[in-house]
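Colleague: I am new to this structure and would like to learn how to read it. Could you walk me through a few features?

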There are 2 protein chains.
Amino acid sequence: MKIAVMGFGTVGSGVVEVLTKNNDVIVKSSLGQAMDLGYILDIRDFPGSPYEKYFTKNFNDIISDPEVKIVVETMGGVTFAYDYVKQALLSGRSVVTSNKQLVAEKGYELLQIADKKNVNFMFEASVGGGIPIIAPLTECLTANRIEEVAGILNGTTNYILTQMIDNGVDFSQALKEAQDLGYAEKDPTSDIEGYDACRKICILASLCYGKHIYPEDVSTEGIKDVTLNDVAYAKKCGCQIKLIGSSKPVEGGHITASVAPAFIKDSSILADVHDVFNAIMVRGDALGDVVFYGRGAGKMPTASAVVADVIDCAKHLLRKRAFGWGAPEKGFVVSDDYLTSRMYFRAETNDYSLSEKEIKDKFPEAEILSDGSLNEIAFMTDAGNIGELKNKAESVENMNIKMTMRLMNLA
Amino acid sequence: MKIAVMGFGTVGSGVVEVLTKNNDVIVKSSLGQAMDLGYILDIRDFPGSPYEKYFTKNFNDIISDPEVKIVVETMGGVTFAYDYVKQALLSGRSVVTSNKQLVAEKGYELLQIADKKNVNFMFEASVGGGIPIIAPLTECLTANRIEEVAGILNGTTNYILTQMIDNGVDFSQALKEAQDLGYAEKDPTSDIEGYDACRKICILASLCYGKHIYPEDVSTEGIKDVTLNDVAYAKKCGCQIKLIGSSKPVEGGHITASVAPAFIKDSSILADVHDVFNAIMVRGDALGDVVFYGRGAGKMPTASAVVADVIDCAKHLLRKRAFGWGAPEKGFVVSDDYLTSRMYFRAETNDYSLSEKEIKDKFPEAEILSDGSLNEIAFMTDAGNIGELKNKAESVENMNIKMTMRLMNLA
């Protein structure tokens, strides 16, 4: 059969490379079927490319070739990608994508179409790059109630935080380094504001809890307000600051889902995830905690996940997998404020001793982390309802809260 | 459909508990099919058990009931387990097992029978307990050439080594603690001699490299000769000692496969795997390193993996998966001596200065780790062919080598 690749950017060119370089392995994994590159769709020209003969600018070349059974979408965005993926599914072809935005925003609709047409819509590469997570979740944890899914889902921000923690570099300097190294884009908004991690936790939560979760329903906070002082206060608590996407069920059939920096205990394996690496923890009621670790991005790792999905499609061309999730439901996602946690607060104050006294009054068990040498006070509370702890902290007169983080108990 | 569970020990009773407690989740994951416990086979009596009506001592009750479609084997050993599993497969039923000894010793034959009868023989729980590893290997890494598979595959020995490293407890004391805590059995041979890890690396290597690997082909060394001095010398090298099962391809279409204690750099995520936890690294040519982490044993985690396989069987009752491996091949596994590595040696000596001089002569780049205060000398070599390094170390007169370990570069 022929495989069409739409979008010859970083991931798409990696997919083409893996498909050709490892073709023997891929054919063997696909039960001996021929797995040939058919087309590469891209509006750009790539003169001199070894794949020159495969290029087309016309989507109809793909859709009108009956030998094309599987379409790979690595274009990104939701405009053309959405249109082409929809058409490909409607034409009875399986589609594999690495496009997390597409899955997070249009996943339910596309899964419905795939279902109706009895083909596959797969997206292992959309979360954690090459790290196997979608398949293990949907095939290996099927006997469990998922009590929590949480992880370091964005390599760029983890690189920046690692620089801040290990080398005492401040946020803007660490961001500049990440950009120089090619880990962060010129416009780093999507990474540092947490939007990228948000799309990934949407996909994971949708899979774990069975309803489509939209990015706009997920409280999303990035890392640009994290200071070196926060890092130092975290160390005092035996913790490291990580940007965590997380979701868990709460009473009443609801779930929480959020992206925010958090305190992670040094004893957690997630505290040992450095630089651009990702790690995803899943907590099952029977299984306990398992963690999946690896490079969460990059050309070849991501391509490896895309091609694995292509092979899976080739093995089950006409099979409807018990894979995906149901319709979105208004009010399904509720605020993290309903959870119980220890909480970290950092606040500005003009009168340190007065603030300290008030905090000790209102939070008798709190640990004060700051030493009074600055106009800021930081403290860690005992475990309590997050919403109540926040309200109480805000009611402390004479101080202005600048940063709030959960202390999370992860694997 | 009905599911029969053979063996009501730790894992078997966990399977029964998960099957009943999470039945709603399991039915949903099984595309809505009824998934009912049919029989529990055990020679023992369990008076008052809530599952009393399911017990039988007669395997024929299972094999003669046409409603039983899936048989779970959690008996252990290879005598009855092998006979019953074979009969169940021959009768056209899928079989799920957690029995690593059975898979490592009889896997090829049983996979062949399953193939012929167009049913499934599955064993996710045989490696890493509840950690998803078999399915990710066979479904998510299919586009890769596997350059190495290596891991901490035995929780008991990892607990003992953690005690030695973190608390300075010596081997025999740490073993006693592990026994008191129920992590090690009264007869701990299978764990501490590395036999348990050996069966697991056999299964992983068979899957990764396509031919059945027998335990007797795998050089297997346990941890009982690891001393607190070894632990201290490792620390000097920025390393921790872990019992590692590993396998990788070498020239000529061969592979190596072994179990032995090794030096692991502190910067490796595997160095952060403590206590009874397991972690398995897979290195793919496209993917790079991924690590799967969790509890490698225990009633409920292992049961979770068994039941996930049961669900997979229920979804694909008659499908022959592209899953398994080919026939064993004499001489396929070669010695680790063909690999390149830095090597650690500890030796007895009656003349420390003389030994030190000879070592410096023969290994000019070596780092001497011992301080001369004892009748032993320890050193770390530069990278070289392991066989040659060993020969050279043995040729040093005046010393008697007591311990040899690789310094492994893992994720």
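Modeller: Gladly; we will take the two chains, then a sheet, then a pair of helices.

Modeller: This is a predicted model, where local features need pLDDT of at least 70, side-chain atom pairs count only at pLDDT 80 or more, and totals for chains, interfaces and linings use all residues. Residues are numbered from 1 along each chain as its sequence is written, chains are lettered from A and ligands numbered from 1 in the order written, and side-chain values use heavy atoms, leaving out hydrogens and water.

Colleague: By what turn and shift can chain A be laid on chain B?

Modeller: In general, two copies of a chain are related by a rotation about an axis and a shift along it. Here a turn of 180 degrees and a shift of 0.0 Å along the axis lay chain A on chain B with an RMSD of 0.0 Å (a least-squares fit on C-alpha atoms of residues with pLDDT of at least 70 in both copies). That is the relation of a two-fold axis. The same surface serves both copies, as 100% of the contact residues of chain A recur in chain B (contact means heavy atoms within 4.5 Å).

Colleague: Which residue of chain A comes closest to the rotation axis?

Modeller: Phe292(A), with its C-alpha at 2.5 Å.

Colleague: What is the strand order in the open sheet of 6 strands in chain B?

Modeller: Strands of a sheet pair through backbone hydrogen bonds, either parallel or antiparallel. In chain B the order is β3-β2-β1-β4-β5-β6, with parallel pairing (strands are DSSP E runs of at least two residues, helices H or I runs of at least four, both numbered from the N terminus; pairing takes at least two DSSP bridges). The edge strands β3 (55-56) and β6 (121-122) of chain B each pair on one side only. Between β4 (residues 68-73) and β5 (residues 94-97) of chain B there are 4 bridges, and Glu73(B) stands opposite Thr97(B) in β5(B).

Colleague: How do helices α5 and α10 of chain A cross?

Modeller: The axes of α5 (residues 100-117) and α10 (residues 195-209) of chain A come within 9 Å and cross at roughly 50 degrees (axes are lines fitted to C-alpha atoms over the stretch in contact, with angles from 0 to 180 degrees between N-to-C directions). α5(A) and α10(A) are therefore oblique to each other (angles under 35 degrees count as roughly parallel, over 145 as roughly antiparallel, 65 to 115 as roughly perpendicular, the rest as oblique). Among the residues that meet are Val103(A) in α5(A) and Ile203(A) in α10(A).
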